[in-house]
Protein chains: 2
Amino acid sequence: MKKQSLNKNNYDASVFDRPSLTVDIVLFSIENNDLKTLLIKRNIWPYKNHWALPGGFVKPKETLEQTAARELKEETGLSLSFSEQLYTFSKIDRDPRTRVITVAYFALMPNTNSKLNPTTDASAAAWHSIKKLPDLAFDHQEIIQYALQRLRSKLYYSNIVKGLLAKDFTMSQLQATYEIVLGKKLDKRNFRKKMHSLNLFVKTGKKQLDGSHRPAELYHFKNRKLVYFA
Amino acid sequence: MKKQSLNKNNYDASVFDRPSLTVDIVLFSIENNDLKTLLIKRNIWPYKNHWALPGGFVKPKETLEQTAARELKEETGLSLSFSEQLYTFSKIDRDPRTRVITVAYFALMPNTNSKLNPTTDASAAAWHSIKKLPDLAFDHQEIIQYALQRLRSKLYYSNIVKGLLAKDFTMSQLQATYEIVLGKKLDKRNFRKKMHSLNLFVKTGKKQLDGSHRPAELYHFKNRKLVYFA
DNA sequence: TGAATAGTGTCTTTCAGACAATATGCC
DNA sequence: GGCATATTGTCTGAAAGACACTATTCA
């Protein structure tokens with residue numbers, strides 16, 4: 001196979017007589033009470049110097065999930081815990097190089113303040129608030145909006161919020177996470193009534209003491225896996 | 001590009017140093033009060049003489065939706081009205097030829113008793129009850145089950161049932177369609193109360209007279225498009 | 001004892017689910 | 001009038017949503 005070149009003039013599209021396939025990852029996390037997504041800064045054509053979702057080409061011997069994990073690791077140094085397939089985007093001109101179809105994945109991680117270590121095709125990696133995203137490469141804006149919808153709706157019928165929380169958490173932290181993602185305030189009593197009725201949590205017995213006020217019970221999820229409840 | 005050959009011994013996998021991409025279509029329709037899906041009988045290796053979902057390789061200049069419509073037309077003679085993307089299946093060994101990733105689409109059509117006209121890779125095309133499917137090629141059994149889940153759950157929060165009905169229909173026909181797809185009986189009064197509360201239908205003014213009993217009001221959908229209501 | 005956050009219960013409204021009698025047309 | 005299907009309303013229980021006070025710790 002011919003080597004793929006790196007700018008518009010000597011780009012050989014004949015290499016691609018079938019569509020190429022990539023995986024892109026929308027990784028969400030909460031930082032400073034704000035929902036953020038991880039972007040990398042491209043240092044090659046096309047969209048050089050634009051921010052983009054981490055992602056890359058699928059290798060013949062790896063599953064799409066493996067591609068997602070590998071690319072995220074390569075481009076940011078982060079490891080993937082929870083992820084699920086989002087949608088496959090296939091507009092004909094979404095990539096100026098040639099026909100590229102991308103399977104988008106959506107992933108969550110708790111706030112860990114991990115240092116980001118971009119390598120390869122990225123000159124930088126950074127968390128961006130979903131409230132003010134920069135100009136993005138390709139159709140990545142659309143992909144992020146799709147992922148955000150999916151995340152928001154899954155809050156209502158699954159324990160997906162787990163992906164954004166540390167192992168142990170307080171009911172206040174849980175509620176704050178819902179509020180940040182949904183972008184609206186929730187009633188404290190109704191929220192707790194609902195959450196307790198779901199029977200998804202157990203008390204750890206520990207309490208969180210952090211200031212001059214009543215300490216909060218710490219909970220964790222009963223189930224290791226994603227659970228649907230509606 | 002080398003021509004692809006047709007049996008295991010002289011199959012040249014080096015043609016595929018990147019994953020190949022196909023589209024498969026799960027087309028549902030109701031026939032004789034039974035939910036059926038359209039299958040074709042393969043007349044080439046692999047899975048020769050097995051039933052399989054209609055589908056095929058994505059061409060460079062077509063969208064996935066166009067691939068779906070083209071393949072369905074080629075293999076069955078049918079035209080696609082409603083369809084939506086289902087999921088992308090990518091297990092490494094799902095296709096014995098080489099690495100093939102497939103984007104599954106799920107589609108609906110009203111019962112039209114259209115004659116099926118298989119061509120190209122199919123020696124036959126036929127509707128099969130989802131209650132007793134034959135041995136299927138590839139991972140197509142899994143794909144159909146996934147599509148069926150999607151269809152069933154969408155009945156509860158969208159007007160997707162439209163895809164299975166003629167333009168005008170009675171409330172009894174609507175309810176029967178729900179019952180066939182869900183595989184369970186529903187209460188007539190509660191069903192109608194709910195449906196009318198959704199405000200999705202208008203009376204056509206016409207009535208269906210078909211036998212020695214009270215004629216039924218004919219309705220049609222207000223909205224041309226898919227509408228979500230929950 | 002004042003400041004800050006944690007934790008809890010009642011009332012009202014809405015919706016799902018159980019349930020049966022009347023209406024209309026054809027023979 | 002008899003048969004077959006169409007059409008309609010009430011009651012009950014469960015859950016969502018509005019709403020305010022007490023509990024605990026620390027300074």
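A polar contact is a pair of N or O atoms within 3.5 Å; within protein, one must be able to donate a hydrogen and the other to accept it, and residues adjacent in sequence count only if both atoms are side-chain atoms. Keep that in mind for the DNA stops below.

This is a predicted model: local features need pLDDT of at least 70, side-chain atom pairs count only at pLDDT 80 or more, and totals for chains, interfaces and linings use all residues. Residues are numbered from 1 along each chain as its sequence is written, chains are lettered from A and ligands numbered from 1 in the order in which they are written, and side-chain values use heavy atoms, with hydrogens and water left out.

**Stop 1: the two protein chains.** Select chains A and B. A rotation of 179° with 0.0 Å of shift along its axis superposes chain A on chain B, with an RMSD of 0.1 Å (least squares on the C-alpha atoms of residues with pLDDT of at least 70 in both). That is the relation of a two-fold axis.

**Stop 2: DNA strand D.** Show the residues near it (a heavy atom within 4 Å). There are 23, and Arg214(A), Lys188(B), Arg192(B), His213(B) and Glu217(B) are the closest. Now zoom in on chain A. The side chain of Lys193(A) puts an N or O atom 2.9 Å from a base oxygen of strand D. For Asp187(A), a side-chain N or O atom is 3.3 Å from a base nitrogen of strand D. Ser212(A) uses a backbone N or O atom, 3.3 Å from a base oxygen of strand D.

**Stop 3: DNA strand C.** Here 23 residues surround the strand, with Ser172(A), His213(A), Glu217(A), Ser212(B) and Arg214(B) nearest. Select Lys194(B): a polar side-chain atom lies 3.0 Å from a phosphate oxygen of strand C. Then select Asp187(B), where a polar side-chain atom is 3.2 Å from a base nitrogen of strand C.

**Stop 4: helices H3 and H4 of chain B.** Helices here are DSSP runs (H or I, at least four residues), numbered from the N terminus. H4(B) gives the most to the surface near strand D, with five residues. Add H3(B), residues 171-182; the two axes come within 11 Å and cross at roughly 105° (lines fitted to C-alpha atoms over the stretch in contact, angles from 0 to 180 degrees between N-to-C directions). The helices are therefore roughly perpendicular (65 to 115 degrees). Among the residues in contact (heavy atoms within 4.5 Å) are Leu174(B) and Tyr178(B) of H3(B), and Phe191(B) and Met195(B) of H4(B).

Key: Helices (H or I, at least four residues) and strands (E, at least two) are DSSP runs, numbered from the N terminus. Angles under 35 degrees count as roughly parallel, over 145 as roughly antiparallel, 65 to 115 as roughly perpendicular and the rest as oblique.
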